[in-house]
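Could you walk me through this model, starting with how its chains meet and then moving on to a pocket and some backbone oddities?

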Amino acid sequence: MLLYDTVISARDAVRAKDISAVELTRAALARIEEQDQLLGAFNSKDSARALIQAKAVDDGERTGPLAGVPIAIKDNICTSWGTTTCSSKMLENFRAPYDATVVRALEDAGAVIVGKTNLDEFAMGSSTENSAFKITRNPWDQKRVPGGSSGGSAAAVAASRCCGALGSDTGGSIRQPASFCGLVGMKPTYGRVSRYGLVAFASSLDQIGPMAWTVGDCAQVLNVISGHDRKDSTSVRDAAPDYIANLEKPIDRLRIGVVKEFQAIAGVDPQVKSAIDAAIKKYQSLGAEIVEVSLPHTDYGIAAYYIIAPCEASSNLARYDGVHFGHRTSEQVNDIVELFSKSRAEGFGPEVQRRIMIGTYALSSGYYDAYYNRALQIRTLIRRDFDEAFRQCDVILSPTSPTPAFKAGEKTADPLQMYLVDVFTVTCNIAGIPGISVPCGFTSGANPLPIGMQLLGPVFSEEKLLRVARMFEATTDFHKRRPVMDIQASVE
Amino acid sequence: MPERVVQSYRVLVGMEIHVQLATKSKMFTGCANAAPNFGAEPNSLVDEQVLGLPGTLPVMNKKAVEYSIQVGLALGCQIAKHSKWDRKSYYYPDLPKNYQISQYDLPLCGEGSFELTLEDGSTKTIRIRRAHLEEDAGKLLHDAPGGFKIDHSILDLNRAGTPLLEIVTEPDFETPEQVRAFGQELQRLVQFLGVSEGQMQMGHMRFEPNINVHITDGDGKVHKTAITEIKNLNSFSVLERATAYEIQRQIHEWIETGSLGQKATYGWDESSGATFFQRPKEKEQDYRYFPDPDLVPVDVDEAWLSELKNQVGELPATRRKRYMTALGLSEAEAAALANDRATGDFYEKALRHGSSAKRVANLLLSHGRRLCNEKDCTLSELGILPERVAEIASLIDQNKIAASAAGAVFDKLMEEDAPPDDIAKALGLLQVSDTGAIDAAIEAAIAANPKAVADFKGGKQAALGSLTGAVMKSAKGLNPKLVQERLRAKLSS
């Protein structure tokens, strides 16, 4: 374990000179170097660069609210150094000539970026098993997946290779792996954080957010990465509030919504259910009122998501054609169309190809109205559902995922089974609202697995969501548990 | 085989016109625009957004939207209060993202109608279907620069992302001449508005006429040929010739074979002076349009629109008409003054000083134009104030200087600004209009030329000329008009 493994403790320790940024960074890099082979959290790192950045903090040249804190970046977020692969063969050697806006923001705040983390190819998946390079293991049980698509970021923090990480969330890709790995993970309101430099999967759903051990850590990172960006037309103009200032202040007369339709969802693990019930009781004991709310179009969420996201993906991924950049087939081709199809067939994995085909089909003339337009109509209805629900409550509480981390290989044979893992998380992206996953329990047994609860709020309610999450965290100890890791021994 | 007789035919031509807008930066990024940088080093006007690199996002160029709305207003189009951006998908190497950001069902400019003035002075209404804004594609080249053969294709992406306004008309053109007239009027319009340089040879404007013919045969039966589109015509002459050729080709195909042809795309081959078949258009290509999620819709409010209307102001055609009807200028004069906004504005500023419209126009088109040619600049750049031109006109109208003296005053004004009255005085150009002095000179001339006086009185009108010449010679700067008037009166008394 790192001596200081949370964002705020590391920042404060560096600030107080209890440890130097170089020492902290060296420890993080050593853990990546020596122990990440089997965990598979990282795709790449630049140790020399990280150490230079850390030394600059120690020398007082780099300051800020994250000065000296080791942070990992999901490998679909562009950095002007190293590669940005999206865990795809297509971009295996892609070097972006620019930093994503969030990367700039982190480094301007003094953070030390230690490396880039594994993901499901182009962020399409819920287990990080779709990476073209390697699978990532769950630090709590190496036979299990860390969740996805930000599984590398989740595992990196949980296995103490950094204090915090950035993920991206299109249908639950931050919250679900956070819940699988015992972390706090937040998807901000659509437009709160700039998408510039995030390799697009589904542009109207994608959002970058923080993953870390505590609510405070996430609030701190969110403080740094939020705000308007002229380079992203969909980023909101209003200034972001300070998410730290009132974090410890509980919400008065808090009303927590429990969704009627969620009770009917099949396949929810009984241990998850009881952890959620306990969390509800905890909030009641803190003075919250529990109200039942209705989201009548919940059933259509997954269907709408698996139309909208592939449609946008089919268009966003059209540029990978072997002509300008990315993988190009080395086989002989007779014409340009063959160059396109061979390069794409070789460069994209099966899940990415599946979604491109679904999206291309759904956008085709004659099908557009039946699929894409219908999905957009459902999107409107889902937004309305949330608007209505948030008239009656401040936040909505649910499991983040129906189950704790599942075993590697368990769901890979059946894509539809894998899609259902997102049942509690996708509507949040469809509606553009913020959501956070917070540790709320562990399964029983020899290898206890973390359980996460999800809190959803209206657009731009991040400050309140974080405070509600903090109320729970402040009176529980789930966020203090760490996986016992002996990777060499536990992997057969 | 029945003989096919053409009793009459009706030509229907519509046009798609692509206009590259001369904004500083490209449509969706701050990268320098290719339109005003013609001939730049290949692939020098690119950035990560133009290249479509992963993670990049488009940001709308507001100026391009404003330029488009101005053209829309000039074409009498309805300006959409709400419009949006769509992705048009097709795979081609000159399109880095393999989709083009365009506008599908909600274009910036909707239906409109435009009064086209034809050569004989009559007007014809051309209905506009729509005008939408999009990004241009790059160029895929199959020869190396200089025409050298290569075994692969090369790309120049300078043009990629250039703001491109696509104007679509209804099939209202009936002759190739009308098509050409519209193209030229549109060029004048975009140049007048300052939204495009409109240089055909630089590809700033590209025309695509779509053509078909309704043929009435000997029995009065109507045969409609299939619509063909001629791609990428970039000179007015070619536009007119290609349209004319294609009309005849369709008619002759019907006469010779009875075939009405098929919906197809044609090209123009300059060397043979003929259109040639490119590909059929039986099946509309599926572009899988959908709203671009990276961009926000464009909402045009009243305040913005009225500001743009003000910027458009009076259009060249309206101005020309007004100059002819209200100011009495000839068609050539009106065109010369109205087609360029700065020239027209200069002219009108001069008129505000209350001198004869015709006189001011004459001065500008003679001396003004001469100086502009000498200095290779526009009227407003000469440095001569509009009111000075008005003052010169007044001096001539009041007979204070001769019309022929105006050139000298203009030349002097180029050196320094001063009231033309003073300049004329200093140069000794002021005419003597003092009747006492004139009468004295007349008396002297009559006394000195008794033969001429006798001739005139005997009925020889020509004698008046030699007498006038004698008067004018006797003193400098006499007002010739007054001299002649008073001389005639004297001799007739």
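In this predicted model, the contact between the two chains draws on 38 residues from chain A and 30 residues from chain B. How much area is buried between chain A and chain B? It comes to about 2,700 Å², and carbon and sulfur atoms give 59% of that. On the chain A side, the residues that lose the most area to chain B are A:Ser233, A:Arg319 and A:His324, which together make up 23% of what that side buries. If you wonder about the choice of yardstick, the size of an interface is often given as the accessible area lost when the parts come together.

Now for the polar side of things. Between chain A and chain B the count is one salt bridge. To find it, look for the side chains of A:Arg195 and B:Asp294, which meet at 3.1 Å, N to O. Polar contacts add to the picture: 16 residue pairs across the two chains qualify, with both partners at pLDDT 80 or more.

Which helices of chain A each supply at least two residues of the side that touches chain B? They are α10 (298-316), α11 (336-347) and α12 (350-363). The largest share comes from α10(A), with four residues. Sort that whole side of chain A by residue type and you get 19 nonpolar, eleven polar and eight charged residues.

Next, have a look at the second largest pocket. Rolling a probe the size of a water molecule over the atoms shows where empty space is left. Here the pocket has a volume of about 770 Å³, and 31 residues line it. Nearest its centre lie A:Arg230, A:Ser233 and A:Arg237 from one chain, plus B:Val59 and B:Met60 from the other. You've met A:Ser233 already, as one of the chain A residues that lose the most area to chain B. By type, the lining splits into eleven nonpolar, ten polar and ten charged residues.

Finally, two spots in the chain A backbone are worth a click. The peptide bond from A:Gly148 to A:Ser149 is cis, with omega near 10°. You'll find A:Ser149 in the loop between β3 (112-117) and α5 (151-158) of chain A. The other spot is A:Cys86, which has a positive phi of about 55° although it is not a glycine. Where does A:Cys86 lie? It sits in a loop too, the one between β2 (70-74) and α4 (101-108) of chain A.

Notes
Residues numbered from 1 in each chain as written. Chains lettered and ligands numbered in written order. Predicted model: local features only at pLDDT ≥ 70, side-chain atom pairs only at ≥ 80, totals over all residues. Heavy atoms only, no water. Contact = heavy atoms within 4.5 Å. Buried area = accessible area lost by both parts, 1.4 Å probe. Salt bridge = Lys/Arg side-chain N within 4 Å of Asp/Glu carboxyl O. Polar contact = N/O pair within 3.5 Å; in protein donor to acceptor, adjacent residues only side chain to side chain. Nonpolar A, V, L, I, M, F, W, Y, C, P; charged D, E, K, R; others polar. 1 Å grid on protein atoms, 1.4 Å probe; cavity = no way out; pocket = protein on both sides within 12 Å on 5 of 7 lines; lining within 4 Å. Points joined across faces, edges and corners; volume = space filled by probe spheres on them.
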